[in-house]
Amino acid sequence: VSAMKEELNRNYSELTEFILLGFRTSPDVQIFLFLFFLLVYMVIVVGNISMIIVIKIDSRLHTPMYFFLRNLSYLDLCYSTVIAPKTLATFSSKDKKISYNGCATQFFFFALCVGTEGFLLAVMAYDRFSAICSPFLYTVRMSQQACTRLVIGSYICGGINSMVQTGFTFSLHFCGENRLDHFFCDVPALIKISCTDTSVNEIVLFILSALIIVTTTTVIVVSYAYILSTVLKIPSAHGRGKTFSTCSSHITVVSLFYGTVFFMYAQPGAISSPEKSKIIAVFYTLIIPMLNPLIYSLRNREVKYAVKRILLRKLSFH
């Protein structure tokens, strides 16, 4: 028994790194995936930075709605940057290792950004509710201080989720097994290679994910129920369309984000399917952050006009 305990302790202490197996495909497919990830990440960086700059420069976009949108772009840029560079590095070299501390850090910031984004999307729904259903109280409800507090509150909630999940996940023992069947450090992959009982971790993951999803989607659904009720009372079809058009981009983003997060974390079967997890993970770590600025720029008249004004201003200087 003493010898067994010594062996276990030795294995626990020796694990200082993980190997990211990523996408186990042929070299040709690996090159294609590298180019795909690189292209998507470049679009993410350009799209979200452009959105942040446009909102910052154009004074007409200095409203609560665009203040939240600027923070959404910042979060998309951050959590894709936590994942994409390391993934590109593993595609382009034979060294697929990530240190234990690096893995914990990557997961912490990823969980922080994703959790915060969920709460921020709920805040954005509340903002649209206040603007459409209570226009006379809007400036009071959504003052600069109130908006700042809501964003800080989103980060605090995301931080609590991240700290709890990181603490529970990296308290697991791995007994020398360090091959992660994923392209980044995520809970399902880490749970799968642990040699200790992970039932508590799976329950914590499910409860936290369900709690965040239920809380934030309740705010979103209730907000849009009131919005729909208010919009239907507008007599003209043009007025109804114009009012509801300010919500269409947000509804699209919410559907994409919560749909993928639900299938990844809030269903018990997700952990047992690594290939499915990888595909879904690509969608919410890269595709959604790429689509968000495109959705808001292509479907938002004010953003398009702001971009045109900035371009015309630059051309007039030349």
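Let's start at Leu 35, which sits in helix α2, the stretch covering residues 27-57. Leu 35 teams up with Ile 31, Leu 38 and Met 42 to make a nonpolar patch of about 370 Å² on the surface. Keep in mind as you look around that this is a predicted model.

Now zoom out to the whole chain. There are 318 residues here, and 46% of them count as buried. The secondary structure comes to 11 helices and three strands, and reading from the N terminus the order goes α-β-α-α-β-α-α-α-β-α-α-α-α-α. If you take the contacts with a separation of 6 or more, 79% of them are between residues 24 or more positions apart. As for the outside, the accessible surface comes to about 16100 Å², with carbon and sulfur atoms making up 69% of that.

Next stop is helix α3, residues 64-92, where you'll find Thr 87. With a relative accessible area of 1%, Thr 87 falls under the 20% cut-off and therefore counts as buried. What does a polar atom of the Thr 87 side chain lie 2.9 Å from? The partner is the backbone oxygen of Ile 83. Setting aside residues up to four places away in sequence, Thr 87 also touches Phe 37 and Phe 183.

Stay in helix α3 and move to Tyr 79. Tyr 79 is buried too, because its relative accessible area is 0%, against a cut-off of 20%. So who is packed around Tyr 79? Beyond its neighbours within four places in sequence, the contacts are Phe 110, Cys 113, Val 114, Glu 117, Phe 257, Tyr 284, Thr 285, Ile 288 and Pro 289. Leu 286 is worth a look here as well: 207 residues separate Leu 286 from Tyr 79 in sequence, yet their C-alpha atoms are 8.9 Å apart in space.

Finally, follow helix α6, which runs over residues 144-169. How does its length compare with what you'd expect? Its 26 residues, at 1.5 Å a residue, should span 38 Å, and the end C-alpha atoms are 37 Å apart, so the two agree. Several α6 residues are buried, among them Ala 146, Cys 147, Val 151, Gly 158, Gly 159 and Asn 161. Farther along, Gln 165, Thr 166 and Thr 169 are also buried. And what covers the buried residues of α6? The cover includes α3, the helix we just left, along with α4 (100-133), α5 (138-141), α7 (187-193) and α8 (199-232).

Technical notes: Residues are numbered from 1 along each chain as its sequence is written. This is a predicted model: local features need pLDDT of at least 70, side-chain atom pairs count only at pLDDT 80 or more; totals for chains, interfaces and linings use all residues. Side-chain values use heavy atoms; hydrogens and water are left out. Patches are made of residues with over 30% relative accessible area and no salt bridge: like charges are joined within 9 Å, nonpolar side chains (Val, Leu, Ile, Met, Phe, Trp, Tyr) within 5 Å. Accessible areas come from the Shrake-Rupley method with a 1.4 Å probe; for residues, only the protein chains shown count as cover. A salt bridge is a side-chain nitrogen of Lys or Arg within 4 Å of a carboxyl oxygen of Asp or Glu. Helices (H or I, at least four residues) and strands (E, at least two) are DSSP runs, numbered from the N terminus. Buried means under 20% relative accessible area, exposed over 50%, partly exposed in between (1.4 Å probe, protein chains only). A polar contact is a pair of N or O atoms within 3.5 Å; within protein, one must be able to donate a hydrogen and the other to accept it, and residues adjacent in sequence count only if both atoms are side-chain atoms. Contact means heavy atoms within 4.5 Å. The expected span of a helix is 1.5 Å times one less than its number of residues.
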